[in-house]
Every structure is written in C-alpha cells, then in structure tokens.
Amino acid sequence: MVMRWDAFLSAVQERGEYSSPKEAERALRVVLALLGAHVVGSERAELAARLPETCALVLLNPLPAAEPLTAERFVQAAAAWIQGATDETAQWDVGAVLSVVADAADEDLMRRVLLQLPPGYDLLFGRPQPV
C-alpha cells in the first residue's frame, strides 16, 4: 500500500525531530534524490511505487552520481546538499528519511535494495543485517 504524502512527511518530521514540515521535506528531497542515483532497475521502480507520488518523482529523477558511494560518503553528500548541515546532522537526516522509506517497503524489497548498495547502508535504513 502506498503511504500518503502527509503521513510520510509527518513520519520523517517525527523521526528527524524537525521543527517544521518544511525542514523535514528539505531533508527528504535531498536524501531521496541521492538514493535514486544509487538504486537502479526494478528495485528503484518498486520502491517508488510504494512512496507518495512526490517522493516517487524525486526518487525516479535522481541527482547525478559519478560513482557508487559508501554509506559514509552518502551521508557526506547529503551534508553537502542540505544547507547548513554537518556530517553529524546529515547522518540524522539520512536516518530519518531512509527509516521511513524502509517502513514503506517490505522485507524482500529492502533486501534487494541493500544488495545493490555498498556495505553499511543497512544501518542508514535502520535495518541492521546480520554479519
């Protein structure tokens, strides 16, 4: 089932402890655009289909990526795109957004998404994988 925009944004705002929906949306758009550049094929399309239309459009029209990013570099890239962010605050932003994305996906889809990404992304999604 597709999450509604207001529910998705509210969940991100709550997890990120943002003071306003605008602040949550700013993080959401950056993180989804970065994620869209690193998840490809049917997994990206399936993930987009589970998100509100606004989120799906951001995910399907990603920021350009020259190379795959490690989880640490993903956070650093988010920090570079979010005005006033540091690596520490971007870690929080990424976790808030990706944990809500993971809630919208089922376990099988998350497993396939994580297989496309370098090690460490499981923690960003709030879904630690056994070693």
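## Salt bridges and helix packing in a predicted model

Asp 108 has a relative accessible area of 38% and is therefore partly exposed. The model in which this residue is seen is a predicted one. Asp 108 shares a salt bridge with Arg 111, with N and O 2.7 Å apart. Both residues belong to helix α7, where a spacing of 3 residues corresponds to about one turn of the helix. Arg 111 is likewise partly exposed, because its relative accessible area is 42%. Through salt bridges with shared partners, Asp 108 and Arg 111 are joined with Glu 43, Glu 46 and Arg 112 in one network.

Arg 112 is also placed in helix α7, which covers residues 107-116. Its relative accessibility is 18%, and values under 20% count as buried, so Arg 112 is classed as buried. Beyond its neighbours within four places in sequence, Arg 112 touches Ser 42, Glu 43 and Glu 46. Its side chain makes a polar contact of 3.3 Å with the side chain of Glu 43 and another of 2.8 Å with that of Glu 46.

In total, the structure contains 9 salt bridges. As a general principle, side chains of opposite charge can pair when their charged atoms come close. The table lists some of the pairs.

| Salt bridge | Closest N to O distance |
|---|---|
| Asp 6 and Arg 4 | 2.6 Å |
| Arg 50 and Asp 106 | 3.1 Å |
| Arg 111 and Asp 108 | 2.7 Å |

Arg 50 and Asp 106 form a salt bridge. Arg 50 is in the loop between α3 and α4, while Asp 106 is in the loop between α6 and α7, so this pair ties together parts that are 56 residues apart in sequence. Arg 50 counts as partly exposed at 23% relative accessibility, and Asp 106 is partly exposed at 32%. In the pair of Asp 6 and Arg 4, Asp 6 is partly exposed at 43%, whereas Arg 4 is exposed at 56%.

Asp 103 lies in helix α6, residues 87-104. At 40% relative accessibility, this residue counts as partly exposed. The side chain of Asp 103 makes a polar contact of 2.4 Å with the side chain of Arg 15.

The packing of two helices completes this account. Helix α1 (residues 5-16) and helix α2 (residues 21-36) pack at about 95°, their axes being 9 Å apart. The two helices are therefore roughly perpendicular. Among the residues making the contact are Trp 5, Phe 8 and Leu 9 of α1, and Pro 21 and Leu 28 of α2. By class, this contact has 7 nonpolar, 1 polar and 1 charged residues.

Conventions
Residues are numbered from 1 along each chain as its sequence is written. This is a predicted model: local features need pLDDT of at least 70, side-chain atom pairs count only at pLDDT 80 or more; totals for chains, interfaces and linings use all residues. Side-chain values use heavy atoms; hydrogens and water are left out. Helices (H or I, at least four residues) and strands (E, at least two) are DSSP runs, numbered from the N terminus. Buried means under 20% relative accessible area, exposed over 50%, partly exposed in between (1.4 Å probe, protein chains only). A polar contact is a pair of N or O atoms within 3.5 Å; within protein, one must be able to donate a hydrogen and the other to accept it, and residues adjacent in sequence count only if both atoms are side-chain atoms. Contact means heavy atoms within 4.5 Å. Axes are lines fitted to C-alpha atoms, for helices over the stretch in contact, and angles run from 0 to 180 degrees between N-to-C directions. Angles under 35 degrees count as roughly parallel, over 145 as roughly antiparallel, 65 to 115 as roughly perpendicular and the rest as oblique. Ala, Val, Leu, Ile, Met, Phe, Trp, Tyr, Cys and Pro count as nonpolar, Asp, Glu, Lys and Arg as charged, and the others, Gly among them, as polar. A salt bridge is a side-chain nitrogen of Lys or Arg within 4 Å of a carboxyl oxygen of Asp or Glu.
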